[in-house]
Structure formats: structure tokens, C-alpha cells
Amino acid sequence: QLQLVESGGGLVQPGGSLRLSCAASGFTLDDYAVGWFRQAPGKEREGVSCISKKNNNTNYADSVKGRFTISRGNAKKTVYLQMNNLKPEDTAVYYCAAELVFGIQRMCVITERRYDYWGQGTQVTVSS
């Protein structure tokens, strides 16, 4: 069974940092682009970042550029989202998702409908 499990969420003060992890179970992430999305209370889910298959090119929403960094782990089953200088508006449930990519991918896209597998989410709360 193919599963994604997020971890690393929690409560942090403004200006603080968190690192989220997305772990694949039942498959490796070699042939997948991986994205992070978030949903704040009362708002639609939005794309945050993604990392492309193989070449590891990355893409970020404007709201997190320069603060968040997405990366792959060495074991090919984990993707991380390092979040620095967190703001109250970053408060949301964060989801990771995997898109099975056939062939070459130049750049991933942070669009929900492209992603095939989703995790259950992890809560991030930024508050003093």
C-alpha cells in the first residue's frame, strides 16, 4: 500500500523554524515529484513548494520564497520542508503529495490535481 506520512509540525513562535518531513511507505520517491500544500482554517488548500523528479529543481509560492526550502533525503523515501522565519499567516495544516512522472520533468508544478498520493497532514501553528 502506497502511503505518505507527514511529521514535524507543532507550535512555534513568530520568527522560529520547523522542519517538516514527508516519508513514503510502500514505494520510493525516485519517479515522483513531491509537493507541499497547506490549508488554513476557512481557506482553500494552496500550493507551497515542490521538488521535481530526478533533477530536483524546486518551485515555491511567492509567500514562502526565501523562507522555505524543500529537499530530498538521501534514502529516496523522504522529502523535507525547512521553514524559517515563520509568520502567523503560515499557520495551517501542511500536506505532502506525490506526482508520478513519466519521462523527463524539467520543473514541477504546485497544482493539486497533478498529484496522485496524499498524506494525512500535520498541523503547524505560529503564535506568540
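In this predicted model, Lys-54 is found in the loop that runs between β5 (46-51) and β6 (58-60), and its phi is positive, at about 65°, although Lys-54 is not a glycine. The points below take up the backbone of two loop residues, an open antiparallel sheet, the salt bridges, of which a search of the whole structure finds 7, and the surroundings of Ser-49 in strand β5.

**Loop residues with positive phi**

- Most residues other than glycine have a negative phi.
- Lys-54 has a relative accessible area of 58%, and because the cut-off for exposed residues is over 50%, Lys-54 counts as exposed.
- Asn-85 also has a positive phi without being a glycine, in this case of about 50°, and its place is in the loop between β8 and β9 (92-100).
- The relative accessibility of Asn-85 is 41%, so that this residue counts as partly exposed.

**The open sheet**

- An open sheet is formed by 4 strands, which follow one another in the order β1-β3-β8-β7 and pair in antiparallel fashion.
- Because β1 (3-7) and β7 (68-72) stand at the edges and each has a single partner strand, one side of each is left without a neighbour in the sheet.
- On average, and with direction ignored, neighbouring strands of this sheet are turned by 15° against each other.
- The edge strand β7 is joined to strand β8 (residues 78-83) by 5 bridges, the two strands running antiparallel, and Phe-68 stands opposite Met-83 of β8.

**Salt bridges**

- Side chains of opposite charge can pair when their charged atoms come close.
- Asp-90 and Arg-38 meet through their side chains in a salt bridge, with an N to O distance of 2.9 Å; this pair links distant parts of the chain, since Asp-90 lies in the loop between β8 and β9 and Arg-38 in strand β4 (residues 32-39), 52 residues apart.
- Both partners of that bridge, Asp-90 and Arg-38, are buried.
- A salt bridge is also formed by Glu-112 with Arg-45, whose closest N and O atoms are 3.1 Å apart; here too distant parts of the chain are linked, with Glu-112 in the loop between β9 and β10 (117-118) and Arg-45 in the loop between β4 and β5, 67 residues apart.
- Glu-112 is partly exposed, with a relative accessible area of 32%, and Arg-45 is likewise partly exposed, with a value of 27%.
- Asp-62 and Lys-65 meet in a salt bridge between their side chains, at 3.1 Å from N to O, and Asp-62 is exposed, with a relative accessible area of 65%.
- Arg-38, Glu-46, Arg-67 and Asp-90 are joined into one network by salt bridges that share partners.

**Surroundings of Ser-49**

- What is the relative accessible area of Ser-49, and is this residue buried or exposed? Ser-49, which belongs to strand β5, has a relative accessible area of 0% and is therefore buried.
- A polar atom of the Ser-49 side chain lies 2.9 Å from the backbone oxygen of Asn-59.
- When residues up to four places away in sequence are not counted, Ser-49 touches Val-34, Gly-35, Trp-36, Asn-59, Tyr-60, Ile-70, Leu-81 and Ile-110.

How values were computed. Residues numbered from 1 in each chain as written. Predicted model: local features only at pLDDT ≥ 70, side-chain atom pairs only at ≥ 80, totals over all residues. Heavy atoms only, no water. Pairing = 2+ DSSP bridges. Axes fitted to C-alpha atoms, helices over the stretch in contact; angles between N-to-C directions. Buried < 20%, exposed > 50% of the residue type's maximum accessible area, 1.4 Å probe, protein only. Salt bridge = Lys/Arg side-chain N within 4 Å of Asp/Glu carboxyl O. Polar contact = N/O pair within 3.5 Å; in protein donor to acceptor, adjacent residues only side chain to side chain. Contact = heavy atoms within 4.5 Å.
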